[in-house]
Amino acid sequence: MSMLPLEQLLRKNILELTPYSCARDEFQGQASVYLDANENPYNGPYNRYPDPLQRELKQKIAAIKGLRPGQVFLGNGSDESIDVLFRAFCEPRIDNVVAIEPTYGMYRVSAGINDVAYRRVLLDEHFQIDAGRILAACDAHTKLVFLCSPNNPTGNSLNRAEILKSLDRFEGILVLDEAYIDFASEPSLMSRLDDYPGLVVLQTFSKAWGSAAIRLGMALASESIVKVLNKIKYPYNVNLLTQQQAAKMLESAPRVKDWVAQILQERERLRKALSELRLVKHIYPSDANFLLVRVSDANRLYTALTEQGIIVRNRNNVSLCLGCLRITIGTAGENQILLQALKALDQNFG
Ligand SMILES: *Cc1c(COP(=O)(O)O)cnc(C)c1O
């Protein structure tokens with residue numbers, strides 16, 4: 001892979017930055033009396049600042065993922081990793097990023113916040129990428145390329161050969177968002193981190209791990225990239241409650257497997273039932289925990305469902321998704337309520 005030297009890709013101010021050094025950075029190890037951080041000595045364990053580098057949790061995560069702990073960055077959701085990547089690599093008003101379209105909305109918002117030009121490469125009619133077209137959109141100021149596989153809101157996995165081709169040719173940082181990887185038939189590309197120094201894989205506790213509320217996202221990357229991200233983040237970006245709850249979830253990995261299996265089974269059941277409705281025009285293949293469905297009148301159907309207290313995501317205004325609703329797979333009971341409502345509406349929307 002052809003990644004430029006990190007020093008050439010990073011913003012100059014970040015390269016030269018001396019990070020804030022907190023009390024927990026300066027002394028590590030066990031002591032009996034902690035008088036170094038101006039904490040209140042009462043109300044343990046929440047009186048103490050948490051480990052700024054989340055070492056215990058990263059060891060557990062690395063073990064499960066077959067990585068080294070130094071390859072794991074933890075943030076307040078994937079959204080923090082995305083923002084920190086912009087701040088590390090993209091000089092406002094000078095650099096740019098390239099992303100597929102349609103995709104997850106946060107890349108564009110983060111680009112906007114950081115005043116970085118956002119270039120979109122439209123997917124083809126099968127929602128697939130072409131490495132040549134991605135590369136053609138890049139220039140010497142393209143620092144980040146965002147790919148999302150399985151993609152949101154389209155639900156499909158991107159063609160692996162084209163992802164690898166992009167990795168082979170792009171000289172910057174390729175961010176591969178794998179928020180939905182646990183629902184996909186193909187394995188994660190995190191196992192290839194050592195082959196591709198410019199690869200950053202984003203994963204999250206928010207989807208298959210059933211922990212959206214704790215706000216914990218992972219950026220899996222080379223040790224040198226993780227070091228830079230650690231330098232930029234807020235010192236205590238992942239609080240103790242989140243670290244503890246995540247550790248607990250990692251111990252119940254078998255339950256996560258069961259949830260995924262149930263969700264996949266429900267996805268197929270929902271697909272079959274939806275395909276029998278007249279108002280459903282097309283159901284796109286899904287490798288995720290949602291279905292993108294083209295219906296006869298997306299706006300009207302969305303409103304009709306809302307009036308019954310059933311909320312799906314209206315993607316009617318998204319590129320290539322004209323007339324589409326995105327439906328998350330719920331419990332069997334929730335999916336049944338949706339199906340009942342759609343059946344009742346089917347006469348009016350055919
Ligand atoms: C849901 C989702 C995430 C998760 O973001 P968090 O901040 O970790 O909750 C990331 N990427 C994509 C594409 C998503 O759909």
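Accessible areas here come from the Shrake-Rupley method with a 1.4 Å probe. I note at the outset that the model is predicted.

**Entry 1. Whole chain**

I looked up the surface of the chain before anything else. The accessible surface comes to about 16600 Å², and carbon and sulfur atoms account for 51% of that surface. I then asked how much of the chain is buried: of the 350 residues, 52% are.

For the overall dimensions I took the C-alpha trace, which spans about 70 × 50 × 35 Å along its principal axes. The radius of gyration of the chain is 22 Å. A compact globule with 350 residues would have a value near 20 Å, so the two agree.

I counted 13 helices and eleven strands in the chain. I also checked contacts between residues at least 6 apart in sequence, and 70% of these join residues at least 24 apart.

**Entry 2. Helix α4**

I went to helix α4, residues 55–65, and listed what is buried there: L57, K58, I61, A62 and K65. Two lysines are on that list, K58 and K65. Do the buried residues line one face or are they spread around the helix? Seen down the axis of α4, they fall within an arc of 130 degrees, so they line one face.

The face of α4 turned away from the buried side carries E56, Q59 and A63, which are exposed. I next looked for what covers the buried residues of α4. The cover includes three strands, β1 (72–75), β6 (199–204) and β7 (217–220). It also includes two helices, α9 (223–232) and α10 (240–251).

Just after α4 I found G66 with a positive phi of about 70 degrees.**Entry 3. Strands β2 and β3**

I looked at burial in strand β2, residues 96–101. Six of its six residues are buried, so β2 is largely enclosed by the rest of the structure. I then checked its pairing with strand β3, residues 117–122: the two pair in the parallel sense, over six bridges. For the register I noted N96, whose bridge partner in β3 is A117.

**Entry 4. The sheet with β8 to β11**

What is the order of the strands in the open sheet of four? I read it as β8-β9-β11-β10, with antiparallel pairing. The edge strands are β8 (280–283) and β10 (313–314), and each of them pairs on one side only.

I looked up how β10 is attached. Two bridges join β10 to strand β11, residues 324–328, and these strands run antiparallel. For the register here I noted that N314 stands opposite L325 in β11.

Helix α11, residues 253–275, packs on this sheet. I listed the strands that α11 touches as β8, β9 (290–295) and β11. The direction of α11 makes about 10 degrees with that of β9.

**Entry 5. Cis peptide bonds**

I looked up two cis peptide bonds that precede prolines. The bond from S149 to P150 is cis, with omega near -5 degrees. The bond that joins N152 and P153 is also cis, and its omega is about 15 degrees. I placed P150 in the loop between β4 (142–148) and α8 (160–169). P153 sits in the loop between β4 and α8 as well.

**Entry 6. Positive phi outside glycine**

I looked at R215, which is not a glycine and has a positive phi near 55 degrees. R215 is in the loop between β6 and β7. Its relative accessible area is 31%, which makes R215 partly exposed.

I then looked at L320, again not a glycine, with a positive phi of about 65 degrees. L320 lies in the loop between β10 and β11. That residue is partly exposed too, at a relative accessible area of 32%.

**Entry 7. V33**

My last look-up was V33, in the loop between α3 (23–26) and α4. Is V33 buried or exposed? Its relative accessible area is 56%, and the cut-off for exposed is over 50%, so V33 counts as exposed. I also took the separation of V33 from L15. The two are 18 residues apart in sequence, and their C-alpha atoms are 36 Å apart in space.

Note on methods: Residues are numbered from 1 along each chain as its sequence is written. This is a predicted model: local features need pLDDT of at least 70, side-chain atom pairs count only at pLDDT 80 or more; totals for chains, interfaces and linings use all residues. Side-chain values use heavy atoms; hydrogens and water are left out. Two strands pair if DSSP finds at least two bridges between them. Contact means heavy atoms within 4.5 Å. Axes are lines fitted to C-alpha atoms, for helices over the stretch in contact, and angles run from 0 to 180 degrees between N-to-C directions. The radius of gyration is taken over C-alpha atoms; the globule rule is 2.2 Å times the number of residues to the power 0.38. Buried means under 20% relative accessible area, exposed over 50%, partly exposed in between (1.4 Å probe, protein chains only). The arc is that of the directions from the helix axis to the C-beta atoms.
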